[in-house]
Amino acid sequence: MDHVIATSVVAQQEMAQRLGLNVSDLTCFGYVLGAGEDLLTAGDLASRLHVTTGAVTGIVNRLERAGYVARRPDPADRRRVRIAALPAATARVTSLYGPYYARLTEQFDGYSPAEIAVLHDWFTRTGKLMTDYLDEIRQNPGL
């Protein structure tokens, strides 16, 4: 598992570099993409990235200058803006990640539905465990 995590970190660095971003900005853009049509606010992004709203403003500014996102007014609250992925940026990221995800899909095709259910459960539970532990160590700087 340590090998998979380390390789994932290195891969994210490589992908970010190829896209002209840093890892934090790419991670933020990933959250924007993952939200789809349910556009996120800066506060939503700050919470997911575990950074301040001031820090996320800097990230969104960089993504906007690089042509990855645009700020859109929130139709329900004019004081708030939402962050939208730009189509050209989405296409750039999709072209880079597409072959990787195609290979993952092909790999998952080799598993039975029962095995996929176990994998889904493991990833869901492990993701929550990781998030909970990160929250715990953030609240206890002595760890």
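A residue counts as buried under 20% relative accessible area, exposed over 50%, and partly exposed in between. The model discussed here is predicted.

Q: Is Glu14 buried, partly exposed or exposed?
A: Glu14 has a relative accessible area of 34%. Buried needs a value under 20%, and exposed needs one over 50%. The value for Glu14 lies in between, so the residue is partly exposed.

Q: With which residue does Glu14 form a salt bridge?
A: Look along helix 1. The partner lies four residues from Glu14, about one turn of the helix. It is exposed, with a relative accessible area of 60%. The closest N and O atoms are 2.7 Å apart, and the partner is Arg18.

Q: Why can residues four places apart point the same way in an α-helix?
A: Think of the helix as a winding stair. Residues three or four places apart point the same way because each turn of an α-helix has a set number of residues, and that number is 3.6.

Q: Which residue meets Asp121 in a salt bridge?
A: Asp121 is partly exposed, at 36% relative accessible area. Its partner is also in helix 6, four residues apart, about one turn of the helix. That partner is exposed, at 59% relative accessibility. The N to O distance is 3.1 Å, and the partner is Arg125.

Q: About how many helical turns separate Lys128 and Asp132?
A: These two side chains form a salt bridge, with the closest N and O atoms 2.7 Å apart. Asp132 is partly exposed, at 37% relative accessibility. Both residues sit in helix 6, four residues apart, so the separation is about one helical turn.

Q: How many salt bridges does the model have?
A: A pair counts when a side-chain nitrogen of Lys or Arg is within 4 Å of a carboxyl oxygen of Asp or Glu. Some residues join into a network: Asp44, Asp74 and Arg82 are linked in this way. By this rule the count is eight.

Q: Where do the buried residues of helix 3 lie around its axis?
A: Helix 3 covers residues 42–49, and Leu45, Ala46 and Leu49 are buried in it. Seen down the axis, these buried residues fall within an arc of 100 degrees, so they line one face of the helix.

Q: What covers the buried residues of helix 3?
A: Several elements share the job. Two are strands: strand 1 (40–41) and strand 3 (77–85). The cover also includes helix 2 (23–35) and helix 4 (53–65).

Q: Is Thr41 buried or exposed?
A: Thr41 is found in strand 1. Setting aside neighbours within four places in sequence, Thr41 is in contact with Arg80, Val81 and Arg82. Its relative accessible area is 9%, which is under the 20% cut-off, so Thr41 is buried.

Q: Which helix supplies the largest share of the largest nonpolar core?
A: This core has 23 residues, and Leu19, Leu26, Phe29, Leu45, Leu63, Tyr68 and Val69 touch the most other members. Helix 1, helix 2, helix 3, helix 4 and helix 5 each supply at least two residues of the core. The largest share is five residues, and it comes from helix 2.

Q: Which residues from 84 to 93 are in contact with Tyr68?
A: Leave aside neighbours within four places in sequence. Tyr68 then touches Leu19, Leu21, Phe29 and Leu63. Further along the chain, it also touches Ala84, Ala85, Leu86, Ala89, Arg92 and Val93.

Q: Which helix gives the largest share of the nonpolar patch on the surface?
A: The patch is formed by Met1, Ile5, Val9, Phe108, Tyr111, Ile116, Trp122 and Phe123, with about 750 Å² of accessible area together. Helix 1 (2–18) and helix 6 (113–139) each supply at least two of its residues. The largest share is three residues, from helix 6.

Q: Is Trp122 buried, partly exposed or exposed?
A: Trp122 has its place in helix 6. Its relative accessibility is 41%, between the cut-offs of 20% and 50%, so Trp122 counts as partly exposed.

Q: How far apart in space are Ser112 and Met130?
A: Ser112 is in the loop between helix 5 (87–108) and helix 6. It is partly exposed, at 30% relative accessible area. Met130 is 18 residues from Ser112 in sequence. From C-alpha to C-alpha, the distance in space is 26 Å.

Note on methods
Residues are numbered from 1 along each chain as its sequence is written. This is a predicted model: local features need pLDDT of at least 70, side-chain atom pairs count only at pLDDT 80 or more; totals for chains, interfaces and linings use all residues. Side-chain values use heavy atoms; hydrogens and water are left out. Buried means under 20% relative accessible area, exposed over 50%, partly exposed in between (1.4 Å probe, protein chains only). The arc is that of the directions from the helix axis to the C-beta atoms. Contact means heavy atoms within 4.5 Å. Patches are made of residues with over 30% relative accessible area and no salt bridge: like charges are joined within 9 Å, nonpolar side chains (Val, Leu, Ile, Met, Phe, Trp, Tyr) within 5 Å. Accessible areas come from the Shrake-Rupley method with a 1.4 Å probe; for residues, only the protein chains shown count as cover. A nonpolar core is a set of buried Ala, Val, Leu, Ile, Met, Phe, Trp, Tyr and Cys residues joined through side-chain atoms within 4.5 Å.
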